[in-house]
Amino acid sequence: MNKIAKAGECDFLRDVAYDVPALVLFALMGIPDADVPRVKDWAASRALLTWGNLTDEQQIPLAHKMVDYWSYCLALVAARKQVPGDDFPTDMVQAQADGADITDEEIAGVMYSVLFAGHETTTTLMANAIITLMTNRKAWDAICADPGLIPAATEEILRFEPSIVSWRRRAKTDAEIGGVAIPKGADILLVMGSGNRDADVFENAETFDIQRKNARNHLSFGYGIHFCIGFQLAKME
């Protein structure tokens with residue numbers, strides 16, 4: 001931050017938003033600083049495989065990276081059994097030793113998911129926040145005058161410009177949504193971004209309002225058993 005202050009300007013995404021969530025999360029997860037670039041690269045590769053429009057040839061090197069990523073998570077669990085640390089995998093290994101019904105593969109699976117979802121989404125959210133506030137300067141000026149508005153503004157940014165606007169599900173049984181029949185086994189695209197602007201829930205839903213009373217009713221962290229486990233950390237960042 002001192003470097004940015006001296007320069008008087010910065011590329012917010014590259015200089016702040018890209019690094020901060022990753023460094024915070026990786027410290028919690030016990031990732032050595034030297035491994036941060038590799039884990040970030042694996043996360044980017046996973047994002048491309050999940051959402052990218054890639055040819056078969058383009059997918060192959062990224063798939064190899066996913067194998068390396070999985071092997072890294074397994075090795076981290078094994079390492080914490082040998083040398084405990086002050087981090088999440090150590091806590092999971094200790095819980096396992098105390099009788100918790102969780103396997104090494106399941107611990108690695110949590111790591112595999114969190115090391116991806118726990119920073120890429122927050123990076124995007126932080127960048128979206130700056131763009132949104134810079135295009136709504138009255139809101140920016142209000143926050144500068146009263147930092148107490150920051151928590152409410154964060155919720156409104158999550159509602160108005162979330163980092164993830166849709167996700168996929170598969171119907172486990174026959175169902176009906178909004179009068180439309182959904183057969184068992186059907187692929188469903190859930191568009192949380194649309195739900196966040198539901199006029200039946202949010203008054204003037206297409207308007208960015210940092211003093212909105214029910215902004216935290218947004219769906220950007222999911223719902224029910226799929227609710228984001230890192231939501232408090234994301235909001236603090």
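This passage walks through the fold, the cores, one helix and a few charged residues of the chain.

The model is predicted, so local features need pLDDT of at least 70 and side-chain atom pairs count only at pLDDT 80 or more, while totals for chains, interfaces and linings use all residues. Residues are numbered from 1 along each chain as its sequence is written, and side-chain values use heavy atoms, with hydrogens and water left out.

Start with the overall picture. The chain has 11 helices and 4 strands; these are DSSP runs numbered from the N terminus, with helices being H or I runs of at least four residues and strands E runs of at least two. Its C-alpha atoms fill a box of roughly 60 × 55 × 45 Å along the principal axes. Of the 237 residues, 32% count as buried. Here buried means under 20% relative accessible area, exposed means over 50%, and partly exposed is in between (1.4 Å probe, protein chains only). Contact means heavy atoms within 4.5 Å. Taking the contacts with a separation of 6 or more, 62% come from residues 24 or more positions apart.

Next, the greasy parts. A nonpolar core is a set of buried Ala, Val, Leu, Ile, Met, Phe, Trp, Tyr and Cys residues joined through side-chain atoms within 4.5 Å. The largest one has 23 residues, and F26, M29, I31, V39, Y69, C73 and L115 touch the most other members. Helices α3, α4 (36-51), α5 and α7 each put in at least two residues of this core, and the largest share, 7 residues, comes from α7. As for C73, its contacts beyond four places in sequence are A108, M111, Y112 and L115. There is also a second, separate core of 14 residues, which includes I143, A153, F221 and A234.

Helix α6 (88-97) comes after a loop that follows α5 (56-82), and D87 sits in that loop. D87 counts as buried because its relative accessibility is 7%. Its side chain makes a polar contact of 2.7 Å with the side chain of T90. A polar contact is a pair of N or O atoms within 3.5 Å; within protein, one must be able to donate a hydrogen and the other to accept it, and residues adjacent in sequence count only if both atoms are side-chain atoms. Leaving out residues up to four places away in sequence, D87 touches A27, L28, M29, G30 and R80. Within α6 itself, the buried residues are P89, T90, V93 and Q96. Seen down the helix axis, these fall within an arc of 120°, so they line one face of α6; the arc is that of the directions from the helix axis to the C-beta atoms. The buried residues of α6 pack against α3 (20-29), α5 and α7 (104-134). Just after the helix, G99 takes a positive phi of about 110°.

Now for the charges. The structure holds 12 salt bridges, each being a side-chain nitrogen of Lys or Arg within 4 Å of a carboxyl oxygen of Asp or Glu. One of them joins K81 and D104 at 2.7 Å, N to O. This pair links distant parts of the chain, with K81 in helix α5 and D104 in helix α7, 23 residues apart. K81 is partly exposed at 39% relative accessible area, and D104 is partly exposed at 27%. Besides D104, K81 touches V93 and Q96, not counting residues up to four places away in sequence. Another salt bridge, between D35 and R38, spans 3.3 Å, N to O; D35 is buried at 15%, whereas R38 is partly exposed at 42%. R170 and D187 meet in a salt bridge too (2.9 Å, N to O). R170 lies in strand β1 (residues 167-170) and D187 in strand β4 (residues 187-190), so the pair ties together parts 17 residues apart in sequence. Both R170 and D187 are exposed. Salt bridges that share partners also join E156, R159 and R212 into one network.

R46, in helix α4, goes without. R46 is buried yet has no salt bridge, and the nearest side chain of opposite charge, E120, is 11 Å away; Lys and Arg count as positive and Asp and Glu as negative, while His and the chain ends are not counted. The R46 side chain does reach the backbone oxygen of Y112 at 3.0 Å.
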